[in-house]
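Take a look at the model before reading on. The text then goes from the overall layout to the strands.

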Amino acid sequence: MGYRAGDNLALCDRCGAEFHRSEMRKEWTGLLVCIKRCWEPKHPQLNVRGKKDKQSVRDARPEPDSAFGTTTMSTTATDGSTTISIASVAEIYNGRSVGVTLNDGIVQWSFAVSDPSGSTVSLNEGVRGQVDAGNVVRVASNAGDTFLNLTDAQRRANL
Ligand SMILES: [Zn+2]
């Protein structure tokens with residue numbers, strides 16, 4: 001490379017060859033490269049930005065998982081029974097909401113009509129189906145918490 005006044009020599013950051021500065025260009029990567037072989041424009045796709053996706057659920061009605069504790073049936077209750085026998089009555093008092101898991105998987109909410117007698121809890125309505133020993137029973141953590149039962153029509157519609 002010959003001497004040119006005001007045009008110094010430099011090495012290309014990519015290929016390492018020697019060029020006059022006038023034959024080189026700064027790339028978007030910050031490298032000083034030769035125009036002849038190495039310089040590349042920034043690909044427009046590199047400027048594409050992802051659009052934030054709004055993932056919130058509109059009018060969400062989450063099940064209040066934290067609002068109840070669970071215990072289990074200690075004996076089987078037959079269809080229509082207004083009393084259940086459960087493993088722990090620790091959180092159950094008169095008026096407390098109780099969700100009994102029926103054998104078909106549906107949770108039927110009702111409430112205790114008195115303080116438990118031993119391990120037996122009396123409910124304000126009979127269970128709507130057989131409840132086997134071991135089925136989960138949910139107990140509202142707070143007095144006054146109530147839970148809605150789905151109607152048969154809602155169940156059929158998978159609501
Ligand atoms: Zn080069």
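What follows treats the whole chain, then the confidence of the model, then one sheet in detail.

This is a predicted model. The domain assignment splits the protein into two parts: domain 1 covers 9–41, and domain 2 covers 66–149. Their centres, taken over C-alpha atoms, are separated by 78 Å.

What does the secondary structure come to? The protein has one helix and ten strands. Along the sequence the pattern is β-β-β-β-β-β-β-β-β-β-α. The radius of gyration is 37 Å, well over the 15 Å that the globule rule gives for 159 residues, so the protein is more spread out than a compact globule. The spans along the principal axes add to this picture: the C-alpha trace extends about 105 × 35 × 25 Å.

Burial and contacts come next. Of the 159 residues, 18% are buried. Take the contacts between residues at least 6 apart in sequence: 51% of them join residues at least 24 apart.

How far can the model be trusted? The mean pLDDT of the protein is 89, and 93% of its residues reach 70 or more. Which elements have the lowest and the highest mean pLDDT? Helix H1, residues 152–156, has the lowest, at 68. Strand S4, residues 32–34, has the highest, at 97. Where pLDDT is low, the predicted coordinates should not be read in detail.

Now to the sheet. Four strands form an open sheet, in the order S5-S10-S7-S8. The pairing is antiparallel. Which strands are at the edges? They are strand S5 (68–72) and strand S8 (107–111), each of which pairs on one side only. From one strand to the next, the twist averages 25°.

Walk across the sheet from S5. S5 pairs with strand S10, residues 136–140, in the antiparallel sense over five bridges. In this pair, Thr71 stands opposite Val137 in S10. The next step goes from S10 to S7. These two strands are antiparallel and pair over three bridges. Here Val98 stands opposite Val139 in S10. The last step joins strand S7, residues 97–101, to S8. The two strands run antiparallel, with five bridges between them. Val100 stands opposite Gln108 in S8.

To trace the sheet in the model, start at edge strand S5, follow the order S5-S10-S7-S8, and end at edge strand S8.

Technical notes:
Residues numbered from 1 in each chain as written. Predicted model: local features only at pLDDT ≥ 70, side-chain atom pairs only at ≥ 80, totals over all residues. Domains from an automatic or database assignment. Rg over C-alpha atoms; globule rule 2.2 N^0.38 Å. Buried ≥ 20, exposed ≤ 12 C-beta atoms within 10 Å, placed from the backbone. Contact = placed C-beta atoms within 7 Å. pLDDT = per-residue confidence, 0-100. Pairing = 2+ DSSP bridges. Axes fitted to C-alpha atoms, helices over the stretch in contact; angles between N-to-C directions.
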